[in-house]
Amino acid sequence: MDHEQAIQTQASMRYALGELTPEERDSFEDHFADCSFCMDDVGMASAFAANAREVYRQRAATGTPVRRFAWLRLRPFPTLALSAALNVLLVAGVGYDLAQRRTAPAGGVTATAEPQTVEIVPIQGVTRGAGPKIVKASRLPVVLSADLPQSYAHYFYSIDRAGSPVLSGELDLPGGSEALNLQIPVSRLAPGEYLVTLAGDTAGGRETLATCTLHVQR
Amino acid sequence: MEFQTFDAAYVKRLADGDPATESHFSVYFRKLIVLKLRARRLSDAMAEDIQQETMFRVLKALRKGSGVSQPERFGGFVSSVCNHVMLEFLQKESRHPQLPENSPEPADERVDMDASLLSDQRKQIVAEILNGMGSKDREILRLLFLEERERGEVCTKLGVGSEYLRVLLHRAKERFAQAYMRKRGVVSQQPRTLFSW
């Protein structure tokens, strides 16, 4: 079973419910042993199943009724609204640099005065085999997004031009994040070619997580 | 796309006895082994023995044996070793005499396996999610999780399609994941989260 099949067939929840055949189970285990995303998904599905079972068991034992009007507190919302909410969170959390009219501290980002769209570009990890991705930008902010196969103690970025550092610093990332999203203040960069590197620290040293070539044009 | 956890450098550090890597190895594969045992409804009491034996054999293979031919599939290698260890343990168990017919049924040891996944916080989150559902959806999940009915039976009994069930389970799991990470103070920029044990 590959990753796509696992996602499409909801393998993690079916695994947690014991619905996979022995062959499917072994195949899925062989996959998620090496896939941290599916490993975590299995953990979440198993936790949900176990705790749901316990909640139902306790309610049956005590005759606890469902709390009425609980929907007033919990408002499940449709997928589209959830997606929109997450995009707003991304916009507010990342911030925007209107550097045409203000100067940002080196290595930092500033909050924008008004919401605006932003381009989100996924960039590949260095283990994926391909060379650095080429990202073209003009003035609007660009957010580079790199998957995080594991957590790191510290996260760093550097933006170099012709081998010399232009911007660099440490990033503050919430624990448990599965992606590192870095906003590039494109308007602060002169036209030209830059190498953007994302790295993470472990006990074993600093590892490069992802790189890309940024072409700034005017 | 896969979120690969292992590579040649990791395997080498583990073979060389790097403490941080050994610690990660122990924690990561403890999770894997517990999930595998739970899926096979084996007792938590076996988990420690199987984990220890699996770790021992893997490290022995790395340090004194032929090593791992595909480091990026190291997780699969460990899982395979675990399967062999589990089989040996089960074969040992099966050599014990059969219980008499009228003896009391052994306790559902799967409850013990669930214990490591239970917490008051998680139960509260699940309870809130269930309270926010309609009665039909709650009944669907009750039949699946508590009574362990087959999906087809649940669909027929409650007059819903398999796609409805699939979406219901997916949304419930995702809501649980998001609520759980919020409680941990993590703001997730994606619907998926990392699960901490």
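1. Let's start with confidence, since this is a predicted model. Chain B has an average pLDDT of 81, and 81% of its residues reach at least 70. For the complex, the predictor reports an ipTM of 0.80 and a pTM of 0.56.

2. Two stretches of chain B deserve a cautious eye. Residues 106-111 of chain B stay under 50 in pLDDT, and the model gives them 2 contacts beyond four places in sequence. Residues 188-194 of chain B are also below 50, yet this stretch has 21 contacts in the model beyond near neighbours in sequence. Where pLDDT is low, the predicted coordinates should not be read in detail.

3. Now the make-up of the two chains. Chain A contains 5 helices and 8 strands. Starting at the N terminus, its order is α-α-α-α-α-β-β-β-β-β-β-β-β, with the helices ahead of the strands. Chain B has 9 helices and 0 strands, and reads α-α-α-α-α-α-α-α-α along the sequence.

4. On burial and contacts, chain A has 218 residues, of which 30% count as buried. Chain B has 197 residues, with 29% buried. In chain A, 62% of the contacts with a separation of 6 or more link residues 24 or more positions apart. For chain B, 59% of the contacts between residues at least 6 apart in sequence join residues at least 24 apart.

5. Helix 4 of chain A is a good element to look at in the viewer. It covers residues 36-62, 27 residues in total, and spans 38 Å from first C-alpha to last, close to the 39 Å expected at 1.5 Å a residue. The helix is mostly covered, with 21 of its 27 residues buried. Just after helix 4 of chain A comes A:Gly63, which has a positive phi, near 70°.

6. How does helix 4 of chain A pack with helix 7 of chain B, and at what angle? Helix 7 of chain B covers residues 135-146, and the two helices pack at about 105° with their axes 9 Å apart. Helix 4 of chain A is therefore roughly perpendicular to helix 7 of chain B.

7. Which residues make this contact? From helix 4 of chain A come A:Ala49, A:Ala52, A:Arg53, A:Tyr56 and A:Arg57. They meet B:Leu141, B:Arg142, B:Phe145 and B:Leu146 in helix 7 of chain B. By type, the contact residues of these two helices split into 6 nonpolar, 3 charged and no polar. An α-helix has 3.6 residues a turn, so residues three or four places apart point the same way.

Methods: Residues are numbered from 1 along each chain as its sequence is written. Chains are lettered from A and ligands numbered from 1 in the order in which they are written. This is a predicted model: local features need pLDDT of at least 70, side-chain atom pairs count only at pLDDT 80 or more; totals for chains, interfaces and linings use all residues. Helices (H or I, at least four residues) and strands (E, at least two) are DSSP runs, numbered from the N terminus. The expected span of a helix is 1.5 Å times one less than its number of residues. A residue is buried if 20 or more other C-beta atoms lie within 10 Å of its own, exposed if 12 or fewer, and partly exposed in between; C-beta atoms are placed from the backbone. Two residues are in contact if their C-beta atoms, placed from the backbone, lie within 7 Å. Axes are lines fitted to C-alpha atoms, for helices over the stretch in contact, and angles run from 0 to 180 degrees between N-to-C directions. Angles under 35 degrees count as roughly parallel, over 145 as roughly antiparallel, 65 to 115 as roughly perpendicular and the rest as oblique. Ala, Val, Leu, Ile, Met, Phe, Trp, Tyr, Cys and Pro count as nonpolar, Asp, Glu, Lys and Arg as charged, and the others, Gly among them, as polar. pLDDT is the predictor's confidence in each residue, from 0 to 100.
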